[in-house]
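Here are my notes on the structure, set out as numbered points for a colleague who wants to follow the helix packing. Please read them alongside the coordinates.

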Amino acid sequence: MTSSAATRQSGPTRREQLLAAAAELFARHGFHGVGIDDIGSAVGISGPGVYRHFRSKDAMLGEMLLDISQKLLDGGGSRAATAPDPISALNALVDWQLDFALDNRALITVHERNLGNLAEGDRRQVRALQRRYVEMWVRVIMQAVPDLDDEPAARAAAHAVFGLLNSTPHSAHLDRAAMAGLLRRMALAAITSPGTLSGE
């Protein structure tokens with residue numbers, strides 16, 4: 001294989017470049033504040049050239065949010081399934097969500113602000129994937145926390161931890177390693193500290 005062919009295979013595709021550029025622009029200027037020409041310019045092609053990869057800006061947003069929802073579900077599922085015990089599974093899920101939150105701040109912002117801009121079909125799919133991801137966390141939390149039989153509390157805790165970890169677009173004032181350590185400790189303490197979920 002030539003070096004140029006290897007580069008093409010290992011580097012992001014044009015489609016991936018466009019999605020990454022669109023995420024940054026949507027996060028910075030809002031979905032309605034960004035045009036196709038802006039997205040194309042960010043990766044060095046014309047606005048009409050974007051249509052060779054996506055039929056519309058709405059389609060880009062749909063693929064972006066569906067992709068991250070599926071990746072979170074698949075990645076979290078594989079990590080939880082291969083963990084040797086419930087506490088290890090909980091640690092694996094926290095680390096997985098934390099890595100995503102620290103490395104994809106623009107996507108988090110886009111999701112928070114633009115879920116309502118998705119086409120109805122895409123929005124239903126994203127919400128279905130998210131529900132499955134939440135329920136996976138609920139199962140792991142209930143297994144990891146001794147004597148916890150309160151499913152609504154476990155679900156509320158999962159959402160609260162997502163809020164903490166996904167605060168990175170606003171809260172990441174330390175270097176990556178220090179921020180990861182802080183958020184990890186806070187997330188695990190919020191779930192596993194004795195009496196936190198049971199109220200005892």
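1. Over residues 35–54 the chain is 55% helix and 0% strand, and the C-alpha atoms at the two ends of this span are 13 Å apart. The span was chosen because UniProt, in an unreviewed entry, lists residues 35–54 as "DNA-binding region", an annotation that may be inferred rather than shown by experiment. Please bear in mind throughout that this is a predicted model.

2. A second record-derived span is residues 12–72, which the UniProt annotation "domain: HTH tetR-type", again from an unreviewed entry, covers. In the model these residues are 70% helix and 0% strand, with the end C-alpha atoms lying 19 Å apart.

3. As for the overall architecture, the chain has 11 helices and 0 strands, so that, by the DSSP runs used to assign elements, the order from the N terminus reads α-α-α-α-α-α-α-α-α-α-α. The C-alpha trace spans about 60 × 40 × 30 Å along its principal axes.

4. How do the axes of helix 5 and helix 6 cross? The axes of helix 5 (residues 57–82) and helix 6 (residues 86–103) come within 9 Å and cross at roughly 150°, which makes helix 5 roughly antiparallel to helix 6, given that angles over 145 degrees are counted in that class. The crossing of these two helices is right-handed.

5. The contact between helix 5 and helix 6 brings I68, K71, L72, G75, G76, R79 and A80 of helix 5 against A89, A92, L93, W96, Q97 and F100 of helix 6. Sorted by class, this contact has 8 nonpolar, 3 polar and 2 charged residues.

6. Helix 5 also packs with helix 7 (residues 105–114), the axes coming within 11 Å and crossing at roughly 115°. Helix 5 and helix 7 are therefore roughly perpendicular to each other, and helix 5 passes helix 7 in a left-handed crossing. On the side of helix 5 the contact is made by L61, M64, L65 and I68, and on the side of helix 7 by L107, V110, H111 and N114. These residues divide into 6 nonpolar, 2 polar and no charged. I68 is worth marking in a viewer, since this residue is listed in the contact with helix 7 and also in the contact with helix 6.

7. Which residues of helix 2 meet helix 7? They are A23, E24, F26 and A27, and their partners in helix 7 are A106, L107, T109, V110 and R113. This contact divides into 6 nonpolar, 1 polar and 2 charged residues. The axes of helix 2 and helix 7 come within 8 Å and cross at roughly 60°, and the two helices are therefore oblique to each other, with helix 2 passing helix 7 in a left-handed crossing. L107 and V110 of helix 7 appear in this contact and also in the contact with helix 5.

8. The structure holds 10 salt bridges. One of them links E24 with R28, the closest N and O atoms being 4.0 Å apart, a value to be read against the 4 Å cut-off for a salt bridge. Because E24 and R28 are 4 residues apart in helix 2 (residues 14–29), they are separated by about one helical turn. E24 is also among the residues of helix 2 that meet helix 7.

Conventions:
Residues numbered from 1 in each chain as written. Predicted model: local features only at pLDDT ≥ 70, side-chain atom pairs only at ≥ 80, totals over all residues. Heavy atoms only, no water. Axes fitted to C-alpha atoms, helices over the stretch in contact; angles between N-to-C directions. Parallel < 35°, antiparallel > 145°, perpendicular 65-115°, else oblique. Left-handed = near helix turned anticlockwise from the far one by under 90°. Contact = heavy atoms within 4.5 Å. Nonpolar A, V, L, I, M, F, W, Y, C, P; charged D, E, K, R; others polar. Salt bridge = Lys/Arg side-chain N within 4 Å of Asp/Glu carboxyl O.
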